[in-house]
Amino acid sequence: KPNTIPTSLYKFKKFFEQYEVGVVNQIYCTKCEHLQGECECEQLQPTNTGNLVSICIEKPLQAILSDHWDSLLFPRTNTTSTISDVWDAAYLTSDTFFTSQNVALSLFTDGVPVFKSSKISLWPVYYIVLNLPPSIRTRSKNIILSGLWIGPTKPPMKHLFKPLTEEIHQLSTAGIMLNLPTGNVNIQAKLVMGIFDLPAKAAVLNCKQFNGTFGCTVCLHPGKQISHRRMYPLRACTMRDHDSILELAEQAHQCGRALKG
């Protein structure tokens, strides 16, 4: 069995029953990446459309946190040099950033082919709650679906992630209320990382893939084409940082072409 996608319409509808509210379906043109009705193409064809489904994660997140509240992991001090879990990272153990009133989320997405006879693919976007113990963290019932793209091309990432980032901002500021036996607790959910394979990472970051010129996301090495492969011969090169990436992105937006990846 190649994947865990529901194999019938009944199972597909059954899966979405857990999301009682907050499911929004929009149709986009895959050529100009505009909503249906705002499309700039002369004639919008069914073969050039994709469906973008955005799903509110507040309810399933509340359910997961409430069910596992007593076993949640929170920032800890690692007294050894051994890194055994994400919570050993210095970033997550910062007292100024994480407290017992915060939970950490990780996001991941990738394309999944649906039919052998068609180019239609699914791009689900999932969250996992890093505060769950590793033994149950990635169980299917603890993974939260927040978005779904169905179409013949890769999703327009700016549209796919817009409702997600808006909701995460809301959850990280206003938070969500948990009704626990010990009383009500307000929890802020914060997105701390995204996990992707290299092609999906390039699509999410809107940059060149690893086999393109300046395809490295860590440094400004242009690479060299050798025997139809992109190689990176050892040499001193400038490292990328947050400010330089934003500057290159702004320049690329103004000139309408890619600049150094």
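1. F108 is partly exposed, its relative accessible area being 25%, and Y126 falls into the partly exposed class as well, at 26% relative accessibility. Both residues are assigned to that class because their values lie between the limits of 20% and 50%. As the model is a predicted one, these values, like those in the points that follow, are computed from predicted coordinates.

2. F108 and Y126 also belong together as an aromatic pair, and one such pair is what the structure holds. The ring centres of F108 and Y126 are 5.6 Å apart and their planes stand at 35° to one another, an arrangement classed as tilted. The angle explains the label, because planes under 30 degrees apart would count as stacked and those over 60 as edge-to-face. The pair links distant parts of the chain, with F108 in strand β3 (residues 102-109) and Y126 in strand β5, 18 residues apart.

3. Turning to the interior, the largest nonpolar core comprises 32 residues, and those with the most contacts inside it are L61, L65, L105, Y127 and V129. Strand β5, which covers residues 121-129, contributes the most to this core, giving four residues. A second core, separate from the largest one, consists of seven residues, among them V86, W87, L92 and V192. In soluble globular proteins, nonpolar side chains tend to be buried together.

4. Which residues does L65 touch, once those up to four places away in sequence are set aside? The contacts of L65 are with L72, V103, V129, I176, L178 and I187. Of these partners, V129 is, like L65 itself, listed with the residues that have the most contacts inside the largest core.

5. Two residues that are not glycines deserve a look at their backbone: N206 has a positive phi of about 60°, and F214 has a positive phi of about 55°. N206 is found in the loop between α6 (198-205) and β9 (224-226), and F214 likewise lies in the loop between α6 and β9. Their surroundings contrast, however, since N206 is exposed at 69% relative accessibility, whereas F214 is buried with a relative accessible area of 19%. F214 counts as buried because its value is under the 20% limit.

6. Finally, H169 lies in helix α5, which spans residues 162-173, and with 51% relative accessibility this histidine counts as exposed. The assignment follows because the limit for exposed is over 50%. The C-alpha atoms of H169 and K190 are separated by 8.1 Å, although the two residues are 21 residues apart along the chain.

Methods. Residues are numbered from 1 along each chain as its sequence is written. This is a predicted model: local features need pLDDT of at least 70, side-chain atom pairs count only at pLDDT 80 or more; totals for chains, interfaces and linings use all residues. Side-chain values use heavy atoms; hydrogens and water are left out. Helices (H or I, at least four residues) and strands (E, at least two) are DSSP runs, numbered from the N terminus. Buried means under 20% relative accessible area, exposed over 50%, partly exposed in between (1.4 Å probe, protein chains only). A nonpolar core is a set of buried Ala, Val, Leu, Ile, Met, Phe, Trp, Tyr and Cys residues joined through side-chain atoms within 4.5 Å. Contact means heavy atoms within 4.5 Å. Rings of Phe, Tyr and Trp (its six-membered ring) pair if their centres lie within 6.5 Å; planes under 30 degrees apart count as stacked, over 60 as edge-to-face and the rest as tilted.
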